[in-house]
Amino acid sequence: MLNITTIRNNERMSTQDLLLMIEAAVKSGETDFDIAASGQHDIGGPLWHPEGKTLKFHVTNAGQRVGSMCLPNTEIIVEGSTSADVGWLNSGGLITVKGDAGDTAGHCSSGGKIYIGGRAGTRTGSLMKHDPLYEEPELWVLKNVGSFSFEFMGGGRAVVCGVDCENFSSVLGERACVGMVGGVVYVRGKISDYPDDILCLELDADDVAFLKGGMNHFLNAVEKSELIAELSDWREWRKLRPLTFEEKKPQVLPDLAAFRRNDWVKGGIFSDVADDDFTVLNTVNRGLYRLRVPTWDNAKFSAPCQFFCPTGIPTQKRLALLRQGKIDAALKLVLEYTPFPGSVCGTLCPNPCMEGCTRATIDEAIKIGELGLQSAHVEVAPPEISSGKHVAIIGGGVAGLSAAWQLARLGHAVTVYDDANQIGGKLAQVIPHSRLPQDLLKAELNRIEKIGVKFVTGCKVDAAKFNEICDSSDAVLIAVGGHKARYFPWEGAELLTFGVEFLKAINRGEKPYVGKNVVVIGGGNSGMDVATSAYEQGAESVVVVDVVKPAAFAKEIRRLENFGGRIVFPFVTKKITADGIFSDDGRFIAADQIIVSIGEAPVLDFLPEVKKFRGSWLVPDAEKKILPKVFAAGDVIKPGRLTDAIGDARRTALMMDKFLRGEKITSTPPKQIVPPASLSKKFFERCHHCDLPDPMHEHLRCVSCGTCRDCKICLNSCPEKAITRIELDDGSWQYVSDESKCIGCGICAGVCPCGVWNIRDNPNEISMYRLYDAG
């Protein structure tokens, strides 16, 4: 005998491990098992000994489905009670439970015997069945069963002995034998109700013989042999069985026409609000009687590229314009969302738009970043109309300049103040020139200036200057970004070099001190910039340490590794010395310079007392204000990527525009992403290109998610010719479905490759299945 204990050293064995252990033991020839379970499922089946020997299981504390799918030559004894699904799909095993069983005991059993030495729960014996080629299943219960017992029973025999059930109104619970079409249920005790197609009969000789033949075996198995005399008074027993086909009364088919004329609605619960005009509807209907209607939901949903872009750039619209040959409009469209399509979108951004691109699930994502570079040198004319309002922006980084760009194009006079001698924020001051070509950045900064934005550099804003700016401006935006290095109060922190200052010095053309062996604390993109810049400044060895796996972009990590740099994580810094850095677990890395680059906080000492998060970041209200006419955007609210700052600045600028015009400030809720299931990728798989086109021809591959590409497939596929294409005055188009022709078949939605056509239930439908509210 194999003894199995499922809890060892306070560790519980999983169900899977237990079943695999039993299966392996059976394969090796074991037949007897004593299992001290701890709620594991499915013990005892389906198993078959390689030599056909009987498998015996003695189980304590079993979980659900003990003996499920149990095969012949399997015997299971469960000490005490067990939970649901005992003997589920039993196909020949002998299963004995010496206590109560949970719900659905014997459910779907088709063979073997199940003995329950107590009560059984809801739906016990439901769906029992009998294949005439095999021995019929038996289910014996000592006491009573729960409601819905023997529901849809199709075969077999069940015995409910009714012991200790004097206080129950029915030993079968409520609604017993509903849908029963075969088999027999023997009952001792009170029965409350059963369906009209079930007969309750006295036992005949065959029934008594069956019960006599099985009762001793049952009572001995559940150790209740003393009850044999009490349970052998066959006058107390009844049997339930369904009517045979011959016994059922033939049903007279109703005259539906007469029913509809005389009884339909009349006197019913809807008789006061519904009226039947006795119109007979065709199988295929049009107009009001259609079950479904199509809708042309062009641009209702956001394409994944737009949805995942923090700036919200609708690249699918750019590509649609390119598809129409409107190249100038396509290149200018991105400038409605960002002034940095080249510096950020095409150079520095990780392009989450491409990560979400549907085309990537077919071959490769659309080259959205490279498409941004095409707009880097596109010129935009200054606004023709001035609002007469002046906006001051404190901070000349991506957030401040993006807001300035938006506000200036809306007709406002904008002045940007920055304490550095060069405008551009971290784009100009911190990001290594090797990563961002300066002629590209200069071109995009000049474009901002050309539309009328005024730059004031070298301007340190203190409290007095801030008040002066507020007094002379109609609105003010705080967008100073984060330039104050953050670090923990480690022992030896005074020895740190701040990464942001290190990079600024390099970009100013200086030669900051760099050690031979450098350790950089922080594995983000800034940390990688510091590490690679240290190599470029003469370091011989650079190690980047972080508490978690570095969050830097893969290409930045590869760049460091190409220099020979190493990354060590997890590394929790504890102490910094002149000789190197110690972790909290005692590791030491030798270094003569430690540079920290774990993020920056904004410097806001010029502001009056305002609400801040952790004493550093501004907490604006729902209108993005921190003071009556002072707004905030970008990293002064929450650190993020460049694209996050641009998107936040654009949304803030649009709110400021409403403020300046005296309108109610509201934010536009983002669109939902187009449902992927509505896109027909099969259509685009035939457009697969082994040689990927240049960015300006990516419209050939774009799935145009949620936006009509004017392919005319719906127009040519509609079987009723219900769809019409309408050319609009601005050169765009729309497709319209004529409800007098449309039958709601949904073919338009099925063939639309871009998810623009959708089919929905007809909200105005009138049919024989729908009663409409007369009020």
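How many salt bridges does the count come to in this structure? The count comes to 40 salt bridges, and this tour, which goes through a predicted model, visits several of them before turning to strands, cores and the surface.

**Salt bridges**

Begin by selecting Asp297 and Arg760, whose side chains meet in a salt bridge with an N to O distance of 2.9 Å. Asp297 lies in the loop between strand 14 (292-296) and helix 4 (304-308), while Arg760 belongs to strand 35 (residues 757-761), so the pair ties together parts that are 463 residues apart in sequence. If you colour the two residues by accessibility, you will find that Asp297 is buried, at a relative accessible area of 9%, whereas Arg760 counts as partly exposed, at 30%.

Next, select Asp328 and Lys332, where another salt bridge is found, this one at 3.4 Å from N to O. Both residues sit in helix 6 (residues 327-333), and because they are four residues apart there, about one helical turn separates them. Asp328 is partly exposed, with a relative accessible area of 47%, and Lys332 also counts as partly exposed, at 33%.

From here, select Arg359, Asp363, Lys367, Glu698 and Arg701 together, since salt bridges that share partners join these residues into one network. Then move to Arg587, which forms a salt bridge with Asp585, their closest N and O atoms being 3.2 Å apart. Arg587 counts as partly exposed, with 33% relative accessibility.

**Strand 27 and its partners**

Now select strand 27 (residues 593-596) and look at one face and then at the other. Are its faces covered or uncovered? Both are covered, for Gln593 and Ile595 on one side and Ile594 and Val596 on the other are all buried.

Add strand 20 (residues 497-498), which runs parallel to strand 27 and is joined to it by two bridges; here Phe498 has Val596 as its bridge partner. Strand 21 (residues 517-521) also runs parallel to strand 27, with four bridges joining the two, and in this pairing Val520 stands opposite Ile595.

**The nonpolar cores**

In soluble globular proteins, nonpolar side chains tend to be buried together. To look at such a grouping here, select Phe340, Ile393, Val414, Val416, Leu427 and Val453, which have the most contacts inside the largest nonpolar core, a set of 88 residues. Helix 10 (residues 398-409) gives the most to this core, contributing eight residues. A second core, separate from this one, has 45 residues, including Ile76, Val78, Ala158 and Ile198.

Return to Val414 and show what surrounds it: leaving out residues up to four places away in sequence, Val414 touches His390, Val391, Ile393, Ala404, Leu407, Ala408, Gly452, Val453 and Lys454.

**A loop residue and a surface patch**

Select Thr31, in the loop between helix 1 (15-27) and strand 4 (32-36). Is Thr31 buried or exposed? Thr31 is buried, because its relative accessible area is 17% and the cut-off for buried is under 20%. Apart from neighbours within four places in sequence, the residues in contact with Thr31 are His49, Lys53, Thr54, Leu55 and Lys56.

End the tour on the surface by selecting Val547, Val548 and Val572, a nonpolar patch whose accessible area comes to about 220 Å² together. One of these residues, Val548, lies in the loop between strand 22 (541-545) and helix 16 (554-563).

Notes:
Residues are numbered from 1 along each chain as its sequence is written. This is a predicted model: local features need pLDDT of at least 70, side-chain atom pairs count only at pLDDT 80 or more; totals for chains, interfaces and linings use all residues. Side-chain values use heavy atoms; hydrogens and water are left out. Patches are made of residues with over 30% relative accessible area and no salt bridge: like charges are joined within 9 Å, nonpolar side chains (Val, Leu, Ile, Met, Phe, Trp, Tyr) within 5 Å. Accessible areas come from the Shrake-Rupley method with a 1.4 Å probe; for residues, only the protein chains shown count as cover. A salt bridge is a side-chain nitrogen of Lys or Arg within 4 Å of a carboxyl oxygen of Asp or Glu. A nonpolar core is a set of buried Ala, Val, Leu, Ile, Met, Phe, Trp, Tyr and Cys residues joined through side-chain atoms within 4.5 Å. Buried means under 20% relative accessible area, exposed over 50%, partly exposed in between (1.4 Å probe, protein chains only). Contact means heavy atoms within 4.5 Å. Two strands pair if DSSP finds at least two bridges between them.
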